[in-house]
Amino acid sequence: MREHIEQLRAVIEADLAQITNAETLEQFRLTHMVRKGTVQKLVESLRTVPVAEKPAAGSAINAFRSWVEDEFQKRKDAFEGSAGVLLVDVALPARNATRGSIHPITQTVNEIVDIFTSMGFEVADGPDVEDDTHNFEKLNFAPDHPARDMQDTFFVDSERNDLLLRTHTSSVQIRVMENMQPPIRCIMPGRVYRNEAVSARSLAEFHQVEGLYVDKGVSMADLKGTITAFAKRFYDADARFRFRTSFFPFTEPSAEVDMSCFLCKGQGCRICKHTGWLEIAGCGMVHPNVLSACGIDPEVYSGFAFGFGVERVVMMRMGIDDIRLLYQNDLRVLRQL
Ligand code: DAH
């Protein structure tokens, strides 16, 4: 028995010398200190020792076992630190924590807002549940305008036709003008709602950004300058623009702005549907009726306004052609911007 213990001691000493990190420490434990390990086997071998030798053999084995345990503990302490700090193997590859990120729509709104605030615009906000006055009437919509129809607008209460989910952020323009006197420079991002079937091209709930500038002597030239300055910073420094006449009840004259496609530079590609142009906003000079309705004298002040859909902007930037992808939380899409 003595001899056997001495042999084992040599083996264990050699193995102790091999312990240099958490892994080799664990290997040592698995070889020698578990139920079927070297030490336990030695303890069990006591059964085969003749009765007369048992006491001596027993205490030799116990001493040996304590020695192994002490040596192991010393190394364990050395690697784990006495304060119980978990052992760190700096050579192990890092475990990546999965992090959330800002949604492409929010990122895009933030970038748009940053550019306008750098040009002196303030951010303004209004309620999602609006009344007819702010969403339509003061924006110069005629009483029989089709947008006021149930087909297009979500009404909040089936008994009332004056409470609705705003169909555009233009309602915030009205709230701003009711509450401020010129000079007014505001950018108004927000959610809007329309009673539309969900498809690759449209959603019933989406985002818009509205802009408004009212002061003495504001002209169409200011409108063009502001929108092109924004678009050059946001999309493409070399972009070309065209303003097409259009109609909105709340602006006169009204226009739609096209920009040369930032991807193909006007050559024609999938993003611009091979036209070379991208429609980026609706805009115009604030209608005198709208200014008057908000208590601003149209003889003294003039202004411009613009508005555009954020989802469309995000789709163009990401090169996707199904708007629903933005709301399905597929990480491959969300990580793309
Ligand atoms: N409110 C319009 C829409 O939802 C967008 C718009 C067009 C806003 C022209 C404006 C504007 O401020 O001047 O389609």
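Student: How do the residues lining the largest cavity divide into nonpolar, polar and charged?
Tutor: The lining has 9 nonpolar, no polar and no charged residues. Here Ala, Val, Leu, Ile, Met, Phe, Trp, Tyr, Cys and Pro count as nonpolar, Asp, Glu, Lys and Arg as charged, and the others, Gly among them, as polar. A cavity is a set of points on a 1 Å grid over the protein atoms alone where a 1.4 Å probe fits but cannot get out, and lining residues have an atom within 4 Å of a point.

Student: Anything I should know about the model?
Tutor: It's a predicted model, where local features need pLDDT of at least 70 and side-chain atom pairs count only at pLDDT 80 or more, while totals for chains, interfaces and linings use all residues. Residues are numbered from 1 along each chain as its sequence is written, and side-chain values use heavy atoms, with hydrogens and water left out.

Student: OK, which residues line the largest cavity?
Tutor: Phe116, Ile227, Phe230, Tyr235, Ile280, Ala281, Phe306, Phe308 and Val313.

Student: Switching to rings: why is the Phe230 and Phe234 pair called stacked?
Tutor: Their centres are 5.4 Å apart and their planes are at 15°, so the pair is stacked. Rings of Phe, Tyr and Trp (its six-membered ring) pair if their centres lie within 6.5 Å; planes under 30 degrees apart count as stacked, over 60 as edge-to-face and the rest as tilted.

Student: And is Phe230 buried or exposed?
Tutor: Buried, at 5% relative accessibility; Phe234 is buried too, at 8%. Buried means under 20% relative accessible area, exposed over 50%, partly exposed in between (1.4 Å probe, protein chains only).

Methods:
1 Å grid on protein atoms, 1.4 Å probe; cavity = no way out; pocket = protein on both sides within 12 Å on 5 of 7 lines; lining within 4 Å.
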